[in-house]
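Dear colleague,

I am handing over a structure for you to look through, and below it you will find notes on one helix and one pocket. Please keep in mind while reading that this is a predicted model.

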Amino acid sequence: MKTQLVVLVHGYCKNSDDMAFLNNGLKNRNYDTFSATLPTTFGTIEDCTNSLRIQIEDLLCRYEQVHFIGHSMGGLIIQRYLSTTVLNNIGKCIFVATPNKGSKLATICS
């Protein structure tokens, strides 16, 4: 079993390429990483959460500890995922610019 995995989740209207700088930095520090690509532009939070679940479910059991980093909407997706999933190997969660209290952009787009 491997030691640690960091799952990276991008924000609205983005894809895994937007997490490349962080992904490369973590890999240079010997972390295994997985950068999800989710349907954040046209999908609901539920669509994105289900997509994340499908992409990482086989990976999680291979690691002693799994950490999550989410940018913007990615943090909301991680929170939704973790509220509906039991993980015994959860490590740290880092949310960068996550709109926990909503955002003006979300109001305009809805």
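**Helix H1 and the second largest pocket**

In helix H1, the residues Asn-23, Gly-25 and Leu-26 are buried, where buried means under 20% relative accessible area. These three lie on the same side of H1, because they cover an arc of only 165° around the axis. On the other side of H1 you will find Phe-21 and Asn-28, which are exposed. If you then ask what covers the buried residues of H1, the answer includes S1, strand S2 (32-35) and S3. After H1 comes Asn-30, a residue whose phi is positive, near 70°.

Which residues line the second largest pocket? Its lining is made up of Gln-4, Val-6, Leu-22, Leu-26, Tyr-31, His-67, Ile-69, Lys-92, Ile-94 and Val-96. The elements that give two or more residues to this lining are strand S1 (2-9), helix H1 (20-28), strand S3 (63-71) and strand S4 (90-96), and the largest share, three residues, comes from S4. Sorted by class, the lining has seven nonpolar, two polar and one charged residues, and the space in this pocket is about 150 Å³.

When you go through the model yourself, Leu-26 may be a good place to begin, since this residue is listed among the buried residues of H1 and also in the lining of the second largest pocket.

With best wishes

Note on methods. Residues are numbered from 1 along each chain as its sequence is written. This is a predicted model: local features need pLDDT of at least 70, side-chain atom pairs count only at pLDDT 80 or more; totals for chains, interfaces and linings use all residues. Side-chain values use heavy atoms; hydrogens and water are left out. On a 1 Å grid over the protein atoms alone, a cavity is a set of points where a 1.4 Å probe fits but cannot get out, and a pocket is an open set with protein on both sides within 12 Å along at least five of seven lines; lining residues have an atom within 4 Å of a point. Grid points are joined across faces, edges and corners, and a volume is the space filled by probe spheres set on the points. Helices (H or I, at least four residues) and strands (E, at least two) are DSSP runs, numbered from the N terminus. Ala, Val, Leu, Ile, Met, Phe, Trp, Tyr, Cys and Pro count as nonpolar, Asp, Glu, Lys and Arg as charged, and the others, Gly among them, as polar. Buried means under 20% relative accessible area, exposed over 50%, partly exposed in between (1.4 Å probe, protein chains only). The arc is that of the directions from the helix axis to the C-beta atoms. Contact means heavy atoms within 4.5 Å.
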